[in-house]
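Me: Could you give me a close look at the salt bridges of this protein, and then follow the chain from them into the strands and aromatic rings? I would like the criteria stated along the way.

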Amino acid sequence: MNQKSVLLAIASLLITTACGSGSGLPEPTGKANFRAINAIERSPPVAFRIEELTVANVPFQEASATSSYDDFSYRFNFDVVFAGDNAATRIASRSIDTQANQDYTLLLGGTIASPTVTVWETAARTFDVGATVFQARFGHTASSVGAVDYYLAAAGVAPVLGSEVASSLSFGEITAAADFETGDYVLTITTAGDPVDVLYTSDPVTILSQRALIITPFDGDAGDPAPIVVRALGSLSASFGMPDSSIQSTVEFLHGSPDLGNSDIYDDEGLTNLVVQNHDYQQTSAAIPLATGDQTFRYVPVTAPGGGTPAVSLEAEITAVAGVRYRITASGLSGAYTTPVTVPDRRPLDTAGKLGVFHTSNNFEFLDYFLVARDEVLDAQAAFRTGIQTNMTVDTALIPPGSYDLYIREFGQSEVLAGPIELNLDIGDVYELLAFDTTDPSILNAQLNELQ
């Protein structure tokens, strides 16, 4: 069937019109299921299309929801938008002559410049009423890792050769489907043939019955403390992570309060465990390990020797999960302090540079941010981020490579509060522009930092 006929068939599906014998279109015999997995580490969300119909935008380390269409032949396409372009660029395609009652998973791997598409096919699973099992297939979608073995067992059961659920699996490969009784499981990944060389061990996770899952690792990125992360990707049910709490999260501290003063930061009530020393205004500390769960950090003013033991001036609370790079910001004035917890976007892309913004100003609640080509005048150019509130988290901007000047104005005003600040941006760079109050209430201090 040609592409025009396929598009007409898809349109008929969308308006729930059956393909009748007199329509001039082929008669379907049933439905096939489709989804895509994005395993390109430095990719933006990728548009997954059946012919030219967008099914989903799939971020890295994620899968699209399953879609069902008549069992025709289709061409599946993957598109991305490069920063500065008005239209998407097609990076990969794959044609499949589908069969009824089959599940098709298209794995997008490689790089944006040289992508690969691997098709995984299996029979669509229907569970009996009252079934107490789940179905799992074990895939390999972490390109930085060689051949591996997988073990799925109860907590405390050590990997032993012969008990693998997947053996010598390489990137792009997947096991046949197998059933397991619902319950609590630990996933262990080891180097192929060596159960002692453990690469990953999940926390115990409860897996419910009547779920068809692909359990697979992905490469960690700049936002992950772990080298690999594992996801259980549901077919018709929600996907979920399988975290490894032995991979500690981290937290860094940003000082954004002009009158809090230099502070020592402790992670215990008795103020015996100093984690950050002499934390100064406008300073971002080094990252420290962070245990999962609830934790309180206490700020104590730095005083001259012999000045006694000062009282805690600020407490910052955080509830951490495994595998996240957090930031705690101290901001506010005159005892009315706040400690917002954020997760800066550090992941580089192969389609753009990135620029994030964050401010702790007490003098200007709302700010506009401008990005101007080097040596061009600001004049009436539009802001790339507008009306950004104090301590507000916003998405990073995707910027084409080039040389720029940055400016900050108060929301809706023409007077420049900070700038020009030079930015030389390449593909894959990730920068953040931080704004702080100064002793002059009409001026901001802007720091441009490269995130690693």
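Reply: **Salt bridges and their surroundings**

The count comes to 14 salt bridges, where a salt bridge is a side-chain nitrogen of Lys or Arg within 4 Å of a carboxyl oxygen of Asp or Glu. The model is predicted, so local features need a pLDDT of at least 70 and side-chain atom pairs count only at pLDDT 80 or more, whereas totals for chains, interfaces and linings use all residues. Residues are numbered from 1 along each chain as its sequence is written, and side-chain values use heavy atoms, with hydrogens and water left out.

One of the salt bridges joins D179 to R125, with 2.6 Å between the closest N and O atoms. These partners are 54 residues apart: D179 belongs to strand 13, and R125 to the loop between strand 9 (115-123) and strand 10. Strands (E, at least two residues) and helices (H or I, at least four) are DSSP runs, numbered from the N terminus. D179 is partly exposed at a relative accessible area of 40%, and R125 is also partly exposed, at 29%. On this scale, buried means under 20% relative accessible area, exposed over 50%, and partly exposed in between (1.4 Å probe, protein chains only).

Strand 10 (residues 133-138) has 6 of its 6 residues buried, so the strand is largely enclosed by the rest of the structure. Both of its faces are covered, with V133, Q135 and R137 buried on one side and F134, A136 and F138 buried on the other. Strand 10 runs antiparallel to strand 13 (residues 178-181), to which 4 bridges join it; two strands pair if DSSP finds at least two bridges between them. Within this pairing, F134 stands opposite F180. A further 4 bridges join strand 10 to strand 17 (residues 212-219), in parallel, and here R137 stands opposite I214. Strands of a sheet pair through backbone hydrogen bonds, either parallel or antiparallel.

In another salt bridge, R327 meets E432, the closest N and O atoms being 2.9 Å apart. R327 lies in strand 26 and E432 in strand 35 (residues 430-437), 105 residues apart along the chain. R327 is buried at 3% relative accessibility, and E432 is buried at 7%. Strand 26 (residues 325-333) also holds T329, a buried residue at 0% relative accessibility. Leaving aside residues up to four places away in sequence, T329 touches L254, T338, T339, P340, F358 and T360, contact meaning heavy atoms within 4.5 Å.

D345 and K354 form a salt bridge as well, at 2.9 Å from N to O. D345 is partly exposed at 29% relative accessibility, whereas K354 is buried at 5%. Elsewhere, R49, E52, D79 and R90 are joined into one network by salt bridges that share partners.

The aromatic rings form 19 pairs. Rings of Phe, Tyr and Trp (its six-membered ring) pair if their centres lie within 6.5 Å; planes under 30 degrees apart count as stacked, over 60 as edge-to-face and the rest as tilted. The pair F34 and F76 is tilted, because the ring centres are 4.9 Å apart and the planes stand at 50°. F34 in strand 1 (residues 31-38) and F76 in strand 6 (residues 73-80) are 42 residues apart. F34 is buried at 2% relative accessible area, and F76 is buried at 1%. F48 and F78 form a stacked pair, 5.4 Å centre to centre with 25° between the planes. F48 lies in strand 2 (residues 46-50) and F78 in strand 6, 30 residues apart, and both are buried. These four rings belong to one aromatic cluster with Y69, F72, Y74 and Y104.

A charge also meets a ring where R409 lies over the face of F370, at 4.8 Å from the ring centre; the criterion is NZ of Lys or CZ of Arg within 6 Å of that centre and within 35 degrees of the ring normal. Strand 30 (residues 366-373) is joined by 3 bridges to strand 31, and the two run antiparallel. F366 has Q389 of strand 31 as its bridge partner. Both strands belong to an open sheet of 4 strands in the order 31-30-33-34, with antiparallel pairing. Strand 31 (385-389) and strand 34 (416-425) are at the edges with a single partner strand each, so one side of each has no neighbour in the sheet.
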